[in-house]
Amino acid sequence: MSRLLFAMLILLSACAPQEYFRTNINVKPCLANAGADCSAANLVVNPQDGYTLGFVEFDDDGRFYDQRQSDAVLAWLQDSQQPQYVVLYTHGWHHNAKDSDNNVRRFKESLRDIKLRNPHYRVIGVYLGWRGETVETPWLRALTFWSRRSVSERLGQKQFLDFLLNVEAIVKHDANPDNRLLTIGHSLGASVMLNALQPVWLQRFQQERGDQARFGDLVLLVNPAIEARRFADLRAAVRRIAATNGLEHANPLVVVASSEADNITKNMFTYSRAVPAWFESVLDPIEQVDIPGASQWDLAATAVGHFRGFITHRLETTATASTNQACTVNAASGINASPTVLTLDRPTGIIVDAGVWRVADGLQLRPMAELPMADPLWVVQTDKYVLPNHGFMAQKPFWCFIEAALSLAVSHGAALAGN
């Protein structure tokens with residue numbers, strides 16, 4: 001047995017891919033579409049599609065592989081005379097910052113589409129790379145989930161968190177009120193973001209900053225590989241402080257979005273957590289949280305987006321959802337909506353009909369139950385037509401929802417600043 005284990009360790013080390021990829025570091029961006037090879041560049045400008053893409057890569061302990069990557073991206077963010085639309089993105093398992101990675105390619109396409117919808121903004125994407133893929137041999141890759149999950153829970157510390165806060169300080173400076181900062185974590189990348197930002201949110205709430213406790217404008221966790229137990233602490237603290245301080249709006253601070261069709265977080269995640277969850281629920285009472293009607297095992301083994309007691313909204317198609325870039329809403333297209341107690345301050349272009357958002361043609365968001373007005377944590381379940389699987393970047397209707405939620409957060413932030 002020991003020989004077999006030793007042989008597997010040798011195989012794993014022999015098949016380990018390159019740790020980081022953006023080694024051509026320069027404050028002057030590489031020009032895509034100009035015949036240059038930008039595959040190793042840490043800063044890339046695409047003048048044809050109107051965006052800039054920066055890369056910052058981290059090791060398993062949340063430290064920079066090369067701090068010059070961070071310095072170059074921060075310098076680029078500071079050098080702007082027009083409003084900026086900045087997207088921070090952290091990928092999940094089986095991905096990295098390699099130019100051929102599917103997430104890198106999809107992120108470029110998403111930035112292009114954001115520019116089409118927001119032509120007056122300087123669009124900048126920041127791809128936060130980590131070792132989501134550590135083994136290239138197909139039959140060994142599946143064995144890395146537990147180690148990568150463990151890394152995702154500690155990655156958001158140290159220089160990773162420092163970088164996030166530096167970006168926020170630059171982009172959301174009072175002198176630049178029109179800037180937007182959207183932060184997205186996907187799958188295990190959502191775990192990274194939660195680990196990084198949960199202490200920030202709690203500290204800001206404890207300082208009684210209310211709705212100003214948000215990081216940037218909005219944090220979106222898509223199909224997160226995060227057990228409900230980890231989210232429960234944040235949820236309990238936010239609700240307690242919100243009730244004490246009397247927050248006036250339900251504008252989202254954090255949006256968790258999970259597809260009913262995502263079998264990876266719905267089934268595979270639970271299978272992977274079944275045994276550890278039993279030990280945690282039985283042997284680790286200090287970490288237990290009390291949710292009425294839920295066992296400790298359920299909280300420890302169920303991904304947050306599939307924990308029924310946490311779901312606040314459902315995002316669903318009502319007809320054939322538009323796949324264009326406009327994200328338009330036809331005011332004449334009626335929706336049969338059941339009235340609810342939820343009322344929302346709405347940004348321009350979003351129509352509210354009896355508590356149901358018509359986010360775009362053929363796409364609506366409805367509350368699943370009475371939503372406390374002071375609750376800024378949204379857990380949104382999507383139907384299989386909005387998100388048909390674990391991925392999300394290629395789903396244009398879902399991006400309409402992202403921009404609608406971002407607009408809502410930005411509009412309320414502007415209202416608070418004006419008071």
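**Figure 1. Helices and strands of the predicted model.** The chain folds into 11 helices and 13 strands in this predicted model. Of its 419 residues, 56% are buried. Among contacts with a separation of 6 or more, 77% are made by residues 24 or more positions apart.

**Figure 2. Close-up of helix α3, residues 102-117.** The helix comprises 16 residues, which at 1.5 Å a residue should span 22 Å; its end C-alpha atoms lie 23 Å apart, in agreement with that expectation. At the start of α3, a side-chain oxygen of D101 comes to within 2.7 Å of the backbone nitrogen of N103. N103 is itself buried, as are V104, F107 and S110. Further buried residues of α3 are L111, D113, I114, K115 and R117. The buried set thus includes the charged side chains of D113, K115 and R117. An α-helix has 3.6 residues a turn, so residues three or four places apart point the same way.

**Figure 3. Close-up of R149 in helix α5.** R149 belongs to α5, which covers residues 145-154. Is R149 buried or exposed? R149 counts as buried because its relative accessibility is 12%, and the limit for a buried residue is under 20%. The side chain of R149 forms a polar contact of 2.6 Å with the side chain of E227. When neighbours within four places in sequence are set aside, the residues in contact with R149 are L188, E227, F269 and R273. E227 therefore appears both in this list of contacts and as the polar partner of R149, whose burial follows from the 12% value.

**Figure 4. Close-up of the largest cavity.** The structure contains one cavity of 30 Å³ or more. The largest cavity encloses about 40 Å³ of space. Its lining is formed by F231, R235, R239, F310, T312, D375, L377 and V379. Two elements, α8 (228-245) and β13 (377-382), each contribute two or more residues to this lining. Helix α8 gives the largest share, with three residues.

**Figure 5. Residue types around the largest cavity.** Which kinds of residue make up the lining of the largest cavity? Four of the lining residues are nonpolar, one is polar and three are charged. The lining residues include the phenylalanines F231 and F310 and the arginines R235 and R239. T312 and D375 also line the largest cavity, together with L377 and V379.

Technical notes
Residues are numbered from 1 along each chain as its sequence is written. This is a predicted model: local features need pLDDT of at least 70, side-chain atom pairs count only at pLDDT 80 or more; totals for chains, interfaces and linings use all residues. Side-chain values use heavy atoms; hydrogens and water are left out. Helices (H or I, at least four residues) and strands (E, at least two) are DSSP runs, numbered from the N terminus. The expected span of a helix is 1.5 Å times one less than its number of residues. Buried means under 20% relative accessible area, exposed over 50%, partly exposed in between (1.4 Å probe, protein chains only). A polar contact is a pair of N or O atoms within 3.5 Å; within protein, one must be able to donate a hydrogen and the other to accept it, and residues adjacent in sequence count only if both atoms are side-chain atoms. On a 1 Å grid over the protein atoms alone, a cavity is a set of points where a 1.4 Å probe fits but cannot get out, and a pocket is an open set with protein on both sides within 12 Å along at least five of seven lines; lining residues have an atom within 4 Å of a point. Grid points are joined across faces, edges and corners, and a volume is the space filled by probe spheres set on the points. Contact means heavy atoms within 4.5 Å.
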